Amino acid sequence: MNSSYLTTILMAAGFILLFVIWILRENKKNQRQLLQRIRNAYGKPSQRRYEAGDLEKIAHYYERRKEDHFYIDDITWNDLDLDSVYMMVNQTISSPGEDVLYSMMRIPLFSQEEADKRENLIRFFSSSQQKRETLLMSLAKVGKNGTGSLSDTVMALKDAPRVHTGIHVTLLLALLASLAVLPFYPVYGFFFLLIIMVTNVVVYYAGRDRKLIEAYLLCFSQLMRMLSAADELETVNWPEVKEQMDGIREGRKAFHKIRKRSVFITGGNGSGDGLQVVMDYVRMLTHIDILVYNSLLDQVQGKTGQILQMIQSIGELDAAISIASFREMLSLWCRPEFLPYTGQAVSMEAADLYHPLLTEAVANSIQAKGGTLVTGSNASGKSTFLKNVALNSILAQTLLTCTCSCYRAPFLKIMTSMALRDDLSGGESYFIVEIKSLKRILDESKKEEPLLCIIDEVLRGTNTIERIAASSQILNAFDKKWILPFAATHDIELSYMLNGVYENYHFQEEVQEHEVVFNYILRKGRATTRNAIRLLDMLGYDPEIVKAAGMAAENFERTGVWKTLN
């Protein structure tokens, strides 16, 4: 071997050594930056920006789990704008974390034992900064899946196609042969190697096989990243996370045979570091990811349950940390107290209740047993209060975190009928949509299980006479000991008709010289003001119109009959 050839080899070895040192330094730098981002994010509102369709994809994991549980249905979820609440809470660092957190928020707990388990996990991460950060550093290896719920990966691999590897084996053997020839015939070997390398790259990107399995290779890489995180977590033996770690270890054990080949798919942790760049070149030159694809598929197919178990276990850890972070950002919160349901009338007590999405929220308190009817004018706070009651009941049974100073109630099913609209695609009017929404609550109420139902402006989509007649009967139908109904209405008549069945509360406003002032304070009793007519006067309506309207309203209140206009 001549000296120039030896010099070339030594230079190449030196270059490789320097490159390895650079990779190690970059990885250490990236780890420091990641730790700083984790610390900066904790206890702060999420800064993530969601693209159209992101939440729909995240919801896929929940869709696969909901069938065996009572879940927060789409009407209730949309009524309460729980997408926005989820985005506020979601500080997860991994795809399993955001999948499981979403599922948690849509599938309430109904067991004190399960609530205690989740609470202990959240509290552990709240009080253990070092362990929390250690765990997050490992979960960061999983990362976020930009193509949908990680559970979609499992289902995709379940039906993945196979590839014919003949041409790829041939090209790999040709590459190895060119490398073998190179030391003996440097000039010819170099040109032969160059031709083979170009051919391999062209076939890799232009060939049919990689295009066929490209999406499935991405699925494999996501699975491998999850297994990489599981490897790092292998030494975690904290008793507070034993249940989740057992699930992770069980999944890791099921896939131990494919771990050695994982580097050919992922090139490391998939973070885009130096090693990943090197492996990208290795894959395009050797087609090694295509060559191992079929064997990896053999190892994965039939193990859907183990993968989903890993997603759930990893996700529970990440979601619990996110909930702990959510608590840290709240100015006031409490852990819920769940009262046993003894077959007596369902009750709820909530003090200093406020809405977490409002920057200047006004707190209200409520002690409810039986029905609660809220009256008041538009924009006075009725709908916000009812949403707040429903939202905090959901937060109590999902995140075990209420935005108030005290919350006591049994485990409740929660259903609402509030922010409805015409179904243009289905060709249904507002009224049809509304009565269908109400019927689903009435159907659920027959099961004699504790139910919180929230209804805003009952049957607003029809005329006054039929609205009042039907509304009174629907609301009266909720007068059952296992139901805790809340309703808001403009129809003062309902507050009289349901007197003794529903407790009356109201919001009121003050009409000043040039503006209407709302204080958003909940008060006992029915609304008694007629500020709508006063507003006509304030805005410069003809005094005769204002006076006549006031007299007509007073006359109706006194006689119960509207005077005919001649």
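**Cysteines, sheet and helices**

User: Where does the sulfur of C406 stand relative to the closest cysteine sulfur?

Analyst: The closest cysteine sulfur is in C334, 6.2 Å from that of C406, so the pair is too far apart for a bond. A disulfide needs the two sulfur atoms within 2.5 Å. Keep in mind that this is a predicted model.

User: Is C406 buried or exposed?

Analyst: Buried. C406 has a relative accessible area of 15%, and the cut-off for buried is under 20%.

User: How many disulfides does the count come to?

Analyst: Zero disulfides. C402 is in none either: its nearest cysteine sulfur belongs to C404 and lies 4.8 Å away.

User: And C402, buried or exposed?

Analyst: C402 counts as buried, because its relative accessibility is 0%.

User: Switching to the sheet. What is the strand order?

Analyst: The order is 1-5-2-3. Four strands make up this open sheet, and their pairing is mixed.

User: Which strands stand at the edges?

Analyst: Strand 1 (337–338) and strand 3 (364–369). Each has a single partner strand, so one side of each has no neighbour in the sheet.

User: What holds strands together in general?

Analyst: Backbone hydrogen bonds pair the strands of a sheet, either parallel or antiparallel.

User: Strand 1 and strand 5: parallel or antiparallel?

Analyst: Parallel. Two bridges link strand 1 with strand 5, residues 406–409. Within strand 5, R408 is the bridge partner of E337.

User: What about strand 2 and strand 5, parallel or antiparallel?

Analyst: Antiparallel, with three bridges between them. Here E349 stands opposite R408 of strand 5.

User: Which helix packs on the sheet?

Analyst: Helix 18 does. It touches strand 1, strand 2 (347–353), strand 3 and strand 5. The direction of helix 18 makes about 105° with that of strand 2.

User: How many residues does helix 18 have, and how far does it reach?

Analyst: Helix 18 covers residues 382–398, which is 17 residues. From first C-alpha to last it reaches 25 Å, close to the 24 Å expected. The helix is mostly covered, with 14 of its 17 residues buried.

User: What comes just after helix 18?

Analyst: L400, which takes a positive phi of about 55°.

User: Last one, helix 17. How far does it reach?

Analyst: Helix 17 reaches 37 Å from its first C-alpha to its last. That is close to the expected 38 Å for its 26 residues, 304–329.

User: And how many residues of helix 17 are buried?

Analyst: 21 of its 26, so helix 17 is mostly covered by the under 20% cut-off for buried residues.

Note on methods:
Residues numbered from 1 in each chain as written. Predicted model: local features only at pLDDT ≥ 70, side-chain atom pairs only at ≥ 80, totals over all residues. Heavy atoms only, no water. Expected span 1.5 Å × (residues − 1). Buried < 20%, exposed > 50% of the residue type's maximum accessible area, 1.4 Å probe, protein only. Pairing = 2+ DSSP bridges. Contact = heavy atoms within 4.5 Å. Axes fitted to C-alpha atoms, helices over the stretch in contact; angles between N-to-C directions.
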